[in-house]
Amino acid sequence: MENQKEHFRHILFCYFRKGKNAVQAHKKLSDVYGEDALKLRQCQNWFTKFRSGDFNVKDAPRSGRPIEIDDDKLKALIDSNRRLTTREIAENLNISKSSVENHLKRLGYISKLDIWVRHELKEIHLTERIDICDSLLKLWMGCVTMMLPYPPYSPDLAPSDYHLFRSLRNALNGKTFTADEDMKSLLELFFAEKDKNFFERGIMKLPEKWQKIIKQNGQYIV
């Protein structure tokens, strides 16, 4: 069984080197070995691992000893996709989910709106968030029309993250795709159904969030 899993991973890596994406590789694998060979999510996780520069297809040894995790490899994996779950990271690195959680905590990472960010904001980052939110509130109350600046390290203040992508995640929940066209069709339908009011609601939540940032001395909105 383990040899078969590794065999599938070698096939995925071969398709990765040929420039195929995870959906295409999953379809080709399923055509030969059946739908139960590997799930699409597993293929996507392995492709994420390959893109991070880790081409090892073997499982990590299970000797009972603490597994050493390469900090640079973990950071590269997160940088390649900041929306990875701890389970997906664990599968990519062939380690336990609890090991990932402990290591991310030690490195100072925390998931905000499903995006990995630094948990401990430096004083300069806190000050920047407060100053920009204060300026934005004054501009908002003065009804000034201009391009609004975006505070650094602030996925909690991006309408795309707390409003648009959250709605999109709900629409994609539980769905799998065997072809790019299927995913494209769903996305086109998703955006076609969203009227101007949907996007306006996300933007109109900003003043309240700016006030919270100032009240919390720049800390993330939980």
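This short talk goes through the pocket, the nonpolar cores and the salt bridges of one structure, which is a predicted model.

Let me begin with the pocket. The largest pocket has a volume of about 1200 Å³, and its lining is made up of 32 residues. If you want to find its centre on the screen, look for Arg 41, Gln 44, Glu 88, Arg 169 and Leu 172, which are the lining residues that lie nearest to it. Four helices, namely H2 (22-33), H3 (40-51), H8 (159-172) and H9 (180-192), each supply at least two residues of that lining. As for its chemical character, the lining divides into 11 nonpolar, 10 polar and 11 charged residues.

Now to the interior. In soluble globular proteins, nonpolar side chains tend to be buried together. In this model the largest nonpolar core has 15 residues, and those with the most contacts inside it are Phe 8, Leu 12, Leu 29, Leu 38, Phe 47 and Phe 50. The elements that give two or more residues to this core are helix H1 (2-17), together with H2 and H3, and it is H1 that gives the most, with five residues. To see how such a core is joined up, please follow Leu 12, which, leaving aside residues up to four places away in sequence, touches Ala 25, Leu 29, Leu 38, Cys 43, Trp 46, Phe 47 and Phe 50. There is also a second, separate core of 14 residues, and among its members are Leu 74, Ile 95, Val 100 and Trp 116.

Finally, the charged side chains. The count of salt bridges comes to eight, and I would like to take you through some of them. In helix H2, the side chains of Asp 31 and Lys 27 meet in a salt bridge, with 3.3 Å from N to O; because these two residues are four apart in the helix, about one helical turn separates them. Asp 31 is exposed, at 55% relative accessible area, while Lys 27, at 41%, counts as partly exposed.

Where else does such a spacing of four residues occur within a helix? In helix H7 (residues 123-141), Asp 134 and Lys 138 are four residues apart, and so about one helical turn lies between them; their closest N and O atoms are 3.2 Å apart. Here Asp 134 is partly exposed, at 32%, and Lys 138 is exposed, at 54%.

I will close with a group rather than a pair, since Lys 49, Asp 54 and Lys 73 are linked in a network of salt bridges.

Conventions: Residues numbered from 1 in each chain as written. Predicted model: local features only at pLDDT ≥ 70, side-chain atom pairs only at ≥ 80, totals over all residues. Heavy atoms only, no water. 1 Å grid on protein atoms, 1.4 Å probe; cavity = no way out; pocket = protein on both sides within 12 Å on 5 of 7 lines; lining within 4 Å. Points joined across faces, edges and corners; volume = space filled by probe spheres on them. Nonpolar A, V, L, I, M, F, W, Y, C, P; charged D, E, K, R; others polar. Core = buried A, V, L, I, M, F, W, Y, C linked by side-chain atoms within 4.5 Å. Buried < 20%, exposed > 50% of the residue type's maximum accessible area, 1.4 Å probe, protein only. Contact = heavy atoms within 4.5 Å. Salt bridge = Lys/Arg side-chain N within 4 Å of Asp/Glu carboxyl O.
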